[in-house]
Amino acid sequence: MSQTYTVITGASSGIGQAFAYKMASQGHALIINGRNKERLQAVKDQALALGADQVLAYNADLADGDKAEAFAKFCFEQGDIDHFVHCLGFGDFSYIQDQSYAQIQKLTHTNLLLTMFLSKRFAAGMLGQATVKTNITLIASVAGLIQTPQSAVYAATKAGVHAFANGLRQDLWNTKITVTCILPGPVDTPFFDVADKDGAYFENVKAFSTTPEIVAEKMAKAIEKDQLEVVVPGYYGLMSRVLGLAPTLGYRLIHLAYEKGQFRD
Ligand SMILES: NC(=O)c1ccc[n+]([C@@H]2O[C@H](COP(=O)([O-])OP(=O)(O)OC[C@H]3O[C@@H](n4cnc5c(N)ncnc54)[C@H](OP(=O)(O)O)[C@@H]3O)[C@@H](O)[C@H]2O)c1
């Protein structure tokens, strides 16, 4: 019988790394991806120490379409894939007036286009394999539900991931593949080193932030229970519903709070 793997992108850091450790401690065999070779190797070593059955580290920048295709091909050549957990992504928090075409393109390509391509590619591969029950998990964001200044493009990519997850689930409804969408609020990871270079953004949302380990725990539970989507922490889901009832007032308040430096996600 061939080996069955959990595939995790963005596993060299943050949420993907925490989820890799969670799955490793449950004895899964993993294929992990990231760009940074040393950090990915360190995650592999730690995952093996935590009890992973086997760990294959695949180092590549998946924003290149050919490399993304080669990665998917590699994964299915190793055996069956029971989970495809797509944690790769980045943020770029700045005013839209200051963003270039190249910045907008890179965010949209990496966060949204690549998510759609890899999901399609892994769904197609999973449908053709023997494993009976499989799952695709995508990471959207609270930013896709509640929009704030300096995150218009990032928020649009994440609203897109959320919508795509809902559509993907519809297309795969009567198949062996379930689709889970995770919508985290601010999480204390190196994400902010890239998204928020001067550190001001994270300073403002620190009090509302959670840890990658908590997100990984919720992800594992959501997948196990076949939950369609999970907002972490849950109160952001409630805030989003209240905002939907009174968007004019809600967005005025968000803007005021943001201007006072109280709340920026
Ligand atoms: N942190 C938050 O507050 C937060 C909130 C909501 C949603 N999210 C979402 O959660 C996901 C994970 O974020 P995180 O907080 O864990 O961030 P992180 O710590 O910066 O990790 C991002 C991961 O994505 C990988 N990556 C980025 N671009 C890549 C590319 N082109 N090819 C291959 N790998 C690439 C990075 O690899 P290398 O480091 O090896 O380059 C890293 O492993 C992202 O989709 C993010 O948008 C984060």
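## Backbone contacts with the ligand

Let's start where protein and ligand meet: in this predicted model, a backbone N or O atom of glycine 10 lies 3.2 Å from an oxygen atom of the ligand. Isoleucine 15 also takes part, with a backbone N or O atom 2.8 Å from a ligand oxygen. For glycine 14, the distance between a polar backbone atom and an oxygen atom of the ligand is 3.4 Å.

How much of the ligand does the protein bury? Taken alone, the ligand exposes 890 Å², and the protein buries 95% of that.

## The shell around the ligand

Now step back and look at the surroundings. The ligand sits in the largest pocket, with 31 residues around it. Ser12, Ser13, Asn36, Tyr154 and Thr189 are the ones that come nearest.

Which elements can you look for in the structure? Helix 1 (14-25), helix 5 (152-171), helix 6 (191-195) and strand 2 (29-34) each supply at least two residues of this shell. Sorted by class, the shell residues divide into 16 nonpolar, 11 polar and 4 charged.

## A cavity in the protein

There is also a cavity to find. The structure holds 1 cavity of 30 Å³ or more, and the volume of the largest cavity is about 30 Å³.

Which residues line the largest cavity? You can pick them out one by one: His86, Leu88, Gly89, Asn111, Thr115, Ile139 and Lys158. By class, this lining has 2 nonpolar, 4 polar and 1 charged residues.

Terms used
Residues numbered from 1 in each chain as written. Predicted model: local features only at pLDDT ≥ 70, side-chain atom pairs only at ≥ 80, totals over all residues. Heavy atoms only, no water. 1 Å grid on protein atoms, 1.4 Å probe; cavity = no way out; pocket = protein on both sides within 12 Å on 5 of 7 lines; lining within 4 Å. Points joined across faces, edges and corners; volume = space filled by probe spheres on them. Nonpolar A, V, L, I, M, F, W, Y, C, P; charged D, E, K, R; others polar. Near = heavy atom within 4 Å. Polar contact = N/O pair within 3.5 Å; in protein donor to acceptor, adjacent residues only side chain to side chain. Areas by Shrake-Rupley, 256 points an atom, 1.4 Å probe, with all protein chains shown as cover. Sits in = over half its atoms within 2 Å of the grid points. Helix = DSSP H or I, 4+ residues; strand = E, 2+ residues; numbered from the N terminus.
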